[in-house]
Amino acid sequence: MATRNMLQSYGKRGIYVSLAVAVVSTAAFNAFYVWPRHNKYEEFFANYDPYTRMKEICAANKGYMHTCPKELAKLYEEKGKAVAEH
């Protein structure tokens, strides 16, 4: 009979379909978003030198990065604090 256990069969089908969709969408998200992004970061940080970048930022002298040594020295002098001499 087609109406016997109809609710259970629809429920089982819904669970199986939702499980399959969840697995496929997770795999697609990893393949098309996470892995390309991960590879770009790996490529970027393989050639990245933070000290060179810090020198470039501080050399621009725009003052947008207040932790540059020159900017910190100016702030200390403005506040009347002694700056260590090497």
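Accessible area here means the surface obtained by the Shrake-Rupley method with a 1.4 Å probe. With that in hand, hello everyone, and let's look at this predicted model. The protein's accessible surface comes to about 8,200 Å², and carbon and sulfur atoms account for 61% of that. Of its 86 residues, 5% count as buried.

Now the overall layout. The protein has three helices and zero strands, so to speak in shorthand, α-α-α from the N terminus on.

How far can we trust it? The average pLDDT is 84, and 84% of the residues score at least 70. Confidence is highest in helix 1, with a mean of 96, and lowest in helix 3, residues 69-79, with a mean of 74.

Helix 1 is where I'd like to spend our time. It has 41 residues, and from its first C-alpha to its last it reaches 58 Å, close to the 60 Å expected at 1.5 Å a residue. There is also a kink in helix 1, about 35°, centred on Asn30.

What does UniProt list for residues 15-35? The unreviewed entry gives "transmembrane region" for them. In the model, that span is 100% helix and 0% strand, and its end C-alpha atoms lie 28 Å apart. Asn30, the centre of the kink, has a number that falls inside the listed residues 15-35.

On to the aromatics. The count comes to five aromatic pairs, with ring centres within 6.5 Å as the rule. One of them is Tyr41 with Phe45, a stacked pair at 6.3 Å centre to centre and 10° between the planes. Why stacked? Because planes under 30 degrees apart count that way.

Where do these two sit in the fold? Both are in helix 1, residues 6-46, four residues apart, about one turn of the helix. In general, an α-helix has 3.6 residues a turn, so residues three or four places apart point the same way.

Tyr41 and Phe45 also belong to one aromatic cluster together with Phe44 and Tyr48. And is Tyr41 buried or exposed? Neither, quite: its relative accessibility is 45%, so it counts as partly exposed. Thanks, everyone!

Methods: Residues are numbered from 1 along each chain as its sequence is written. This is a predicted model: local features need pLDDT of at least 70, side-chain atom pairs count only at pLDDT 80 or more; totals for chains, interfaces and linings use all residues. Side-chain values use heavy atoms; hydrogens and water are left out. Rings of Phe, Tyr and Trp (its six-membered ring) pair if their centres lie within 6.5 Å; planes under 30 degrees apart count as stacked, over 60 as edge-to-face and the rest as tilted. Buried means under 20% relative accessible area, exposed over 50%, partly exposed in between (1.4 Å probe, protein chains only). UniProt positions are given in the numbering used here, feature names are shortened, and annotations may be inferred rather than shown by experiment. The expected span of a helix is 1.5 Å times one less than its number of residues. The bend at a residue is the angle between axes fitted to the seven residues ending there and the seven starting there. pLDDT is the predictor's confidence in each residue, from 0 to 100.
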